[in-house]
Amino acid sequence: MLAAPPPVSLLERLRCLFGHRRAVDAESRERVMRVFRARYAHFKDLLDSNAELARILADMDEKIAGCTLFGATWLRSQATRAVFHAMRMATALNAISGDAYPSLPGVVERINADITELLESRPQATVEAYALPFAAINGDMVDWVGGKCANLGELTSRVGVPVPRGFAITTRAYYAFMEHDGLMGEIRKCLRDVDPQDPESVLDVADDIQALFAAATVPPDVVDALHAACDEAFGADGDAGHGAPLRLAVRSSALSEDSHVSFAGQYLSVLNVSRDGVVDAWKRVVASLFMPQAIVYRLHQGITLDASAMAVACMEMVDSVAAGVLFTRHPVDLLSDSMVINAAWGLGAAVVDGEMEPDTWLFSREDAPRPVSRHIVCKAHRLTPGDDGRLREEDVPEAQRDTPCLTDAQAAELAGIGMRVEAHYGVPQDVEWALDPAGRLLLLQARPLTTTPRGDARTTPLIEGYPVLLHGGEPACPGVGSGPVVQPRNAEELALFPEGGILVAMHSSPSYVLVMQRAQAIVAEAGSITGHMASLAREFGVPTIVNAPGAMAALPVDAQVTVDAFSCRVYQGRVEELLPLREERAVCLRDTPIHNLLKQVAALVTPLNLHDPKANDFTPAACRTIHDVMRFVHELSYAHMFRLSDTVSDAGAVAVEMKAQVPLDLHVIDLGGGLAEVDGPYVWPEQVTSAPFRALLDGMLDPTVHQREPRPVDMSGFLSVMSRHMIEPPTMHGQRFGDRSYALVSDKYLNFSSRVGYHYGVLDAYCGQTMNKNYITFQFKGGAADETRKNRRVRCIGIILESIGFHVEVRGDMVTARFQKFAAPQIAERLVQLGRLLIVTRQLDMLMVDEAAVQRFADNFLNGRYH
C-alpha cells in the first residue's frame, strides 16, 4: 500500500496548475513521443548489454585467479559474447545520438580481430610434409610431431638408444583432416555442451563426436602420403623380415602429450595394424582426442584443443618377449635414491594399465647403476597382439611363471639406458620399453616423470578404536581421504560417481580420470605405482592405493571408510585423527596453456584505460579494450538520453515533474500505463499506477527516513567532502553528474536514474504476475568524498542489499546488485527498501569516518534506525 504523501499546500497546487508552460499540440506531442520511444528502445538494449558485459568482465576476473575450472569453449564463448555486447552498445549509442560516433563500431571490430587472432593461433607450419621418418626428427620439432614422436626422434638422433623403426604423421595431416568438410567446426559446436562438473554431459558429447568421426572421410592426398611413408619406412612389400608379415603400432603423439603433463593412457594406441590399415588406425587415434577421459583431462590441465593437435607415431610392432616401465626416480618415495623397473611377460600394456602385478627391480641412481632389490611374482598370464588388432590374454607356460622377465644383466643394462636418457633431458624420466626375441632392449617412449605432489615418505601409526578393513598394497599417491565406497561397474555408473566418494575397483584404469576431481581416494586390487592411473592420480593429487588384493570384498558399496594411503590402510568409519592430513585439492590452472591464453584475451577485454569523461582523450580512438568501449558508451549514452529528455521536458511533450516531498528534481516519462489522469506539467504520487515506481516511492516517502532535525555530521567527514570539492579540478574524480532525475515507467516497468551532485544511482525493475520475468537491477556510484569513504559507502550499501537477498558486487566506488525471479510482492518489498536507501544514503560518505561505520550504519538501517 502506498504511503500517504506529505501534504502539499493549496497555494503550491494552484501555482503548479496555472504556472507558465509552453502549450504543445497533440500531434507534436505524439511525434516527439515516437522519437523518444524509438531512442529509448535503443537505450534499453544498451543497458541490457552493459549489464551482460559487467557479468562477463567479472567472470573473466574470477577465472584469471586460476582456481576455477574452464576450457577453451568457455573462453571462446565469453570473448564472442563480449564483442557482441560491445558492438550492440556502440550501435545503440549511435542510434541515440544521431550517429555522433561513426568510428566506434570500427574500434570494436579492431579489438575483435585481435581477439580472434589469439583464439585461432596455432604453431606456424614450417613442416609441410604429412609424414616424417624418426631419423629426421628431433626434440625441436614437437609442434609438428608431438611429444612422443619428438622424443623418439631425439632418442634416435641425439641419445643413440635403440627405438623401433617408424615415422611420425604430422599435425599438418591432422589439420588437413579436421578442416576437411568442416569437421572441426562441427566438433566445436558439440563441445559447447560439455559441463566440466557433469560427467554424463561429457559422455554424451563424446558419443556425438565419435559419430562425426565415423562419418568423416580422410582427404585423398593424406591417404597417399601415409601409404608412401609406410613404404619408405618399412619397404613396399610389407615384410618385417624372416617372411613375417609387417605389423605396426599406431600411437598418439598429441602436442601436449609426454610433456609437463603426461596424458597417461588418455589417448588410443592401435596395435597389430597392417600397412593397409594405417589410415583407419590413424583416424581412430585422432578421434581419441575426444574420448570422455581425454576431454576431462584437458579441462583439468588447462590444455586447449588447439594445443592438443594430434600427431601420431607409426612404428614397427616389437614381438615383445617382455615389456614394462622404467622410472628413473621413485615416483612416490622422493627420499629414495633408487630407480624402479617393472616388467611382465608379453606386451607392456599389462603393466601400464595396471592389469597384472609385475616383477620389480630397484637400482641405484648412478652412471653404473647397482641392483638394490628385486621382487619376482607369479605371472600366470600375458598379453599378446591378436589377429583382429585387439589384445589377447593367454596363459604363460608353467615353467616360466615364476621366472624373472629380465636377467640381472638385462635389468642392469636397462637401468644404465635410463640414466643416459635422464642425463640428456635433465629431469627424471618415465620410460616404456620392450625386449625383443633377439634379446635387444628397445625404448617405446620417454617422458618427464610425474611424482607425488606431496613429496614425503611419512608413515602413519595404526589408529586404535577403528576396525581396519584392508591393509596392504602400494601407495601410488600418498594421502588421506574419507567418504562412502563406490564400485562403478561400467562407464554409465562412473559418470554418476558422487562428489566425495571412495572409488574401489578390481583394476586400475586411466579412464578413472573422468572422476578424479570428485574422488576422495582410489583403491584398486590390481595395478602398480608405475602404471598410467598411478601417474594420473599423482597429477590430480588423489590418495591412491594399488595392488591391494581383496579390496572389492573388504570395502562394500556405501560403507563409510577412511583411506590412509601413507600406510596403505583402510579403516571403517570416519577417522578424525587422520583427517588433518587430508589436503584440499583445489583447481589450479595458473600458468597452464588455457590460463595463459585467457590472460592474453582478457588483456583486450577487461582493463579500463578511459577514466575521466572530461579528459580530451575520452574518445573512441582512445578505446583499447572492450571495457573502454563499455565505459565510453555508458557515459555518453546517459548524456544523450538526458539531453533528449531535457529537451522534450522543456517542450512539455513527454516528461512531467513529480510533486512530492523527496529531495530530488524528479521527472517522469510514461511509456504507457504508468500514470493516471495526467493533465498538465505536474503529477502527484497518488497518480502513479506503475507497480514498481509506486513501491519505490512508497519507500522514498516513508516519513521515518526523512530527517526532522539536522543530522549530526562528523566534521572530518564534512571537511573531507568539502576539500575534495574545492581542491580537485573539474577533470578529476569529483565529476558532477547534474541534478535532474528521471523515472521512465509503464504499468510493470521502471527505469529510475537518480543523478544528484557527485553520485548517481540507476535502478531497472520489472514487477508483474509472471515471476520468471520479475527482476531488480541497481547500480550506485560516485560521491564527493575521497576514494576510501566512497568505497566504504558502497560496501555499506552492499551489506544492506545482500542482507535482503540481492546478489551484490562491489568494485571501487561502485556497487551493483540484482534480485530476480521472485513474486511481485517480494519485488515490491525490495523496491520499498531501495526507496528508503536512496534517501538515507545521499550524504552517507560524510559519515563513513572509519571501517566500523560501514557495519554500524548497515545494522542500523536493517533494524529500522535510519538516522
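**Exercise 1.** In this predicted model, determine why the sulfur of Cys314 forms no bond with the closest cysteine sulfur.

*Solution.* The closest cysteine sulfur to that of Cys314 belongs to Cys230, at 4.7 Å. A disulfide requires the two sulfur atoms to lie within 2.5 Å. The sulfur atoms of Cys314 and Cys230 are therefore too far apart for a bond. Under this rule, the structure has zero disulfides.

**Exercise 2.** Decide whether Cys314 is buried or exposed.

*Solution.* The relative accessible area of Cys314 is 1%. Buried means under 20%. Cys314 is therefore buried.

**Exercise 3.** State how many aromatic pairs the structure holds, and classify the pair of Tyr174 and Tyr175.

*Solution.* There are twelve aromatic pairs in the structure. In the pair of Tyr174 and Tyr175, the ring centres are 5.1 Å apart and the planes stand at 65 degrees. Planes over 60 degrees apart count as edge-to-face, so the pair of Tyr174 and Tyr175 is edge-to-face. Tyr174 and Tyr175 are both buried.

**Exercise 4.** Classify the pair of Phe819 and Phe822, then establish the exposure of Phe819 and of Phe822.

*Solution.* The ring centres of Phe819 and Phe822 are separated by 4.2 Å, with 10 degrees between the planes. Planes under 30 degrees apart count as stacked, and this pair is accordingly stacked. Phe819 has 2% relative accessibility and is therefore buried. Phe822, with a relative accessible area of 30%, is partly exposed.

**Exercise 5.** Identify which residues ring pairs link into a cluster.

*Solution.* The cluster linked by ring pairs contains Phe177, Phe213, Trp282 and Phe290.

Note on methods
Residues numbered from 1 in each chain as written. Predicted model: local features only at pLDDT ≥ 70, side-chain atom pairs only at ≥ 80, totals over all residues. Heavy atoms only, no water. Buried < 20%, exposed > 50% of the residue type's maximum accessible area, 1.4 Å probe, protein only. Phe/Tyr/Trp six-rings, centres within 6.5 Å; stacked < 30°, edge-to-face > 60°.
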